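Okay, thanks for squeezing me in. I'll talk you through one model today, so let me put it up on the screen.

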Amino acid sequence: ILHLCYMFSFGVELIVNGNIVSYFVTTFGMTQSDAGLFGSIFGFLNFFARSFGGWMSDIFVEMEFNGKKWGPRGRLWALFIQTTLMGICLTSFSSLTRDGNGIGSMIANLVFWGFFTNMTEGGTFAVVPYVLPSAIGGVAGIVGAGGNVGAMLGNALMVILKARSKSARMLAFCALGWGALGSAFLIPCIWIK
């Protein structure tokens, strides 16, 4: 499940870094330089948002419900919220157009989407040490591989859709958003002592 969460967060980030500029040029009619400037927003969020995801996870550990601290289960709640918000932002981003929504809506959605994507990456690795404490390295390796798998499958999805539709990137981003939402709803299945 954590592999899937990382697949739809870091994997999607890798796809976005490779496709966002051309997406802005074709979908929003931007110049190459403007598209590069706006596309860099997504990467810039790496400086702090990933750490913020881990910090949110730490905060949720200390939260109380009926006088009892959530403990490690709080990390799962934090990850669930982060992944759900990331999926919603990605799905809504995929439906934006210049004529229908304008550049301002796109930038706002891009910032929220990038923020929650990076938070999900940090939140995912905040859960890793609790899955199997005796094999943290193995669990981290499996989870981390999810990013590579997500990038590979997402790029394959874009290539397949590109042959069939002009709006291939919109469709691919939408499909990846729904995948992120699906992975969010699997998080409650994770069992932690």
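Let's start with the cysteines. Look at C189: its sulfur is 11 Å from the closest cysteine sulfur, in C5, and that's too far for a bond. Go at it from the other end and C5 has C189 as its closest cysteine sulfur, again at 11 Å. So how many disulfides does the structure hold? Zero, given that a disulfide needs the two sulfurs within 2.5 Å. The two cysteines also sit in contrasting surroundings: C5 is buried at 0% relative accessible area, while C189 is exposed at 57%.

Before I go on, a word on confidence. This is a predicted model. Mean pLDDT for the chain is 89, with 97% of residues at 70 or more. Among the elements, helix α1, residues 2-7, comes out highest with a mean of 94, and strand β1, residues 64-65, comes out lowest with 72.

Now the inside. The largest nonpolar core has 37 residues, and the ones touching the most other members are Y23, F24, F93, M106, W113 and F173. Which helices feed it with at least two residues each? That would be α2 (10-28), α3 (32-44), α4 (49-62), α5, α6, α7 (136-162) and α8. The largest share, seven residues, comes from α2. There's also another core lying apart from that one, with 15 residues, including F10, V139, I187 and I192. As a general point, nonpolar side chains in soluble globular proteins tend to be buried together.

Zoom in on Y23. Skipping anything up to four places away in sequence, Y23 touches F28, F93, S94, L96, R169, M170 and F173. Y23 is also part of an aromatic cluster, together with F24, F28, F42, F93, W113 and F173.

Sticking with rings: searching the whole structure gives 21 aromatic pairs. One of them is F80 with F185, edge-to-face, 5.3 Å centre to centre and 85 degrees between the planes. I like this pair since it links distant parts of the chain: F80 is in helix α5 (residues 72-94), F185 is in the segment after α8 (168-184), and they are 105 residues apart. Are the two partners buried or exposed? F80 counts as buried, at 18% relative accessibility, but F185 is exposed at 53%. Then there's F115 with F116: ring centres 5.7 Å apart, planes at 75 degrees, so that pair is edge-to-face too. F116 is buried, with a relative accessible area of 15%.

Right by F116 in the numbering is T117, in helix α6, residues 98-131. T117 counts as buried because its relative accessibility is 0%. What does T117 contact, leaving aside neighbours within four places in sequence? S9, E13, F42 and M86.

Last stop, α8. This helix has 17 residues and runs 24 Å from first C-alpha to last, close to the 24 Å you'd expect at 1.5 Å a residue. α8 is mostly covered, with 12 of those 17 residues buried. Among the buried ones are R169, M170 and F173, and those three also turned up in the Y23 contacts. As for partners, the buried residues of α8 pack against α1, α2, α5 and α7.

That's my tour. Happy to rotate the view if anyone wants another look.

Conventions
Residues are numbered from 1 along each chain as its sequence is written. This is a predicted model: local features need pLDDT of at least 70, side-chain atom pairs count only at pLDDT 80 or more; totals for chains, interfaces and linings use all residues. Side-chain values use heavy atoms; hydrogens and water are left out. Helices (H or I, at least four residues) and strands (E, at least two) are DSSP runs, numbered from the N terminus. Buried means under 20% relative accessible area, exposed over 50%, partly exposed in between (1.4 Å probe, protein chains only). Contact means heavy atoms within 4.5 Å. Rings of Phe, Tyr and Trp (its six-membered ring) pair if their centres lie within 6.5 Å; planes under 30 degrees apart count as stacked, over 60 as edge-to-face and the rest as tilted. pLDDT is the predictor's confidence in each residue, from 0 to 100. A nonpolar core is a set of buried Ala, Val, Leu, Ile, Met, Phe, Trp, Tyr and Cys residues joined through side-chain atoms within 4.5 Å. The expected span of a helix is 1.5 Å times one less than its number of residues.
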